[in-house]
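Here is a short note for a colleague who is opening this structure for the first time. Please keep the view at hand while you read.

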Amino acid sequence: MIRGFWNTITKPIFCLAPMVDVTDAAFRRIIAAHGKPDVVWTEFVSADGLCSVGRERLMHHLWFDQSERPIVAQFFTSRPEHMRAAAQLAVSLGFDGIDINMGCPDRGVEKQGAGAALIKNPALARDIILAAQEGAGDIPVSVKTRIGYFHDELSSWLPALLAAAPAAITLHARTRQELSDVPAHWDAISRAVRIRNEFDSSDSHTLILGNGDVSSLADARARVQETGADGVMIGRGIFGNPWFFSSSQRREDVSIPARLRVMLEHTRLFEELFSGLKNFDVMKKHYKAYVSGFPGAVELRVRLMAARNASEVERVLRDVDGCV
């Protein structure tokens, strides 16, 4: 097993989850500047697309800055040969690790036999991991998945993954059927750790990271303590909160003007990087999260939702004392 950068990180490990149209290069740089996690993931990218004539239209999903390291490129596919090629591309681009998405419930992704659909096809899942490892060379390969498809299948699904010896497995503590509609089953993460330990008791065993319903860094530490997991991956808790991973500054301790200045910084960076590549409306899901919990937030959000570029956002914020 190649562990690469995973060997150098002090446990517990706290990671930024890959989220489409959320954790793009702009937001990751903002997070790196205000509260850097131990490991960062890209948005997931279609390995099939990267092996097609449309490859160039996807490459901006793989942009990253040195401040984000260690950074992991996440891919999805049901074709081992495409995963191998995507892994080789990630190596050439200088990524620190490669992750395979085996948990996305999107119907379009599943229709391709990828994402969460792979939970129903352990043999193919194993082949895809092995193909990624072949393409990755000395770069570690990890997997992000769920505890089952229709029901909890950890007792069979997890050993099938462990047999391919990925460097790490992140488990979203829900089934595909449950989506995010029920509380995360953190007891399943405890069982996953036990299954891993029974499968491989050596010091170089696959790392187990838990994911789901983690609202703060203190909460993440408590989850590690109660489950014995090697770390936690945070997804929705990062919305509007680039300070999530900071040990010295909590979002609630950041003044409203300072929070809005970071939002503007985020907006300008998004426009700088993605003008003509991404719709500006992508930023508006961030505005909903940044602008909340203070008097006048609703009215300010309404005005921000009408903005079409960074200059218009700046004009709106000029009306907020101490912001611009």
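The numbered points below go from the overall picture to helix pairs and then to single residues.

1. Please bear in mind that this is a predicted model. Its secondary structure consists of 12 helices and eight strands. The radius of gyration is 20 Å, close to the 20 Å that the globule rule gives for 324 residues, so the protein is as compact as a globular protein of that length. If you want a feel for the dimensions, the C-alpha atoms fill a box of roughly 60 × 45 × 35 Å along the principal axes.

2. How much of the protein is buried? Of the 324 residues, 59% are buried. A second figure concerns contacts between residues with a separation of 6 or more: 71% of these join residues 24 or more positions apart.

3. Helix 1 (residues 25-34) is a friendly place to begin, and it is mostly covered, with seven of its 10 residues buried. Those seven are Ala25, Ala26, Phe27, Arg28, Ile30, Ile31 and Ala32. What lies over them? The cover includes three strands, namely strand 1 (13-16), strand 2 (39-46) and strand 3 (71-76), along with helix 9 (256-274) and helix 10 (284-290).

4. Next come the helix pairs. Two packed helices are described by the angle between their axes and the distance between the axes. For helix 3 (residues 80-93) and helix 5, the axes come within 7 Å and cross at roughly 30°. Angles under 35 degrees count as roughly parallel, and helix 3 and helix 5 are therefore roughly parallel to each other. Their crossing is right-handed. On the helix 3 side, the contact is made by Pro80, Met83, Arg84, Ala87, Gln88 and Val91, and on the helix 5 side by Leu124, Asp127, Ile128, Ala131, Ala132, Glu134, Gly135 and Ala136. Sorted by class, this contact has nine nonpolar, two polar and three charged residues.

5. Helix 5 (residues 122-136) also packs with helix 6 (residues 154-162); here the axes come within 9 Å and cross at roughly 25°. That angle makes helix 5 roughly parallel to helix 6. The crossing of this pair is right-handed. Pro122, Ala125 and Ile129 of helix 5 meet Trp157, Ala160 and Leu161 of helix 6. Which classes of residue form the contact of helix 5 with helix 6? There are six nonpolar residues, no polar ones and no charged ones.

6. Helix 9 and helix 12 (residues 310-317) have axes that come within 9 Å and cross at roughly 165°. Angles over 145 degrees count as roughly antiparallel, and helix 9 and helix 12 are therefore roughly antiparallel to each other. This crossing is left-handed. From helix 9, Leu260, Met263, Leu264, Thr267, Arg268 and Glu271 take part, and they meet Ala310, Val313, Glu314 and Leu317 in helix 12. The residues of this contact divide into six nonpolar, one polar and three charged.

7. Turning to single residues, leucine 158 sits in helix 6. Is leucine 158 buried or exposed? Its relative accessible area is 0%, so leucine 158 is buried. Leaving aside residues up to four places away in sequence, leucine 158 touches Glu153, Ile169, Ala192, Ile195 and Ile208. Isoleucine 189 is 31 residues from leucine 158 along the chain, and their C-alpha atoms are separated by 11 Å.

8. Phenylalanine 270 belongs to helix 9 and, at 1% relative accessibility, counts as buried. Beyond residues up to four places away in sequence, phenylalanine 270 touches Asp24, Ala26, Ser275, Lys278, Asn279, Phe280, Val282 and Met283. One of these, Ala26, is also among the buried residues of helix 1. As for glutamine 225, 45 residues away from phenylalanine 270 in sequence, the distance is 37 Å from C-alpha to C-alpha.

9. Last, please look at a loop residue. Threonine 175 is found between strand 6 (168-172) and helix 7 (186-199). Despite the loop setting, threonine 175 is buried, with a relative accessible area of 3%. Which residues does threonine 175 touch, not counting those up to four places away in sequence? They are Arg146, Ile147, Gly148, Tyr149, Phe150, His151 and Asp152.

Key
Residues numbered from 1 in each chain as written. Predicted model: local features only at pLDDT ≥ 70, side-chain atom pairs only at ≥ 80, totals over all residues. Heavy atoms only, no water. Axes fitted to C-alpha atoms, helices over the stretch in contact; angles between N-to-C directions. Helix = DSSP H or I, 4+ residues; strand = E, 2+ residues; numbered from the N terminus. Parallel < 35°, antiparallel > 145°, perpendicular 65-115°, else oblique. Left-handed = near helix turned anticlockwise from the far one by under 90°. Contact = heavy atoms within 4.5 Å. Nonpolar A, V, L, I, M, F, W, Y, C, P; charged D, E, K, R; others polar. Rg over C-alpha atoms; globule rule 2.2 N^0.38 Å. Buried < 20%, exposed > 50% of the residue type's maximum accessible area, 1.4 Å probe, protein only.
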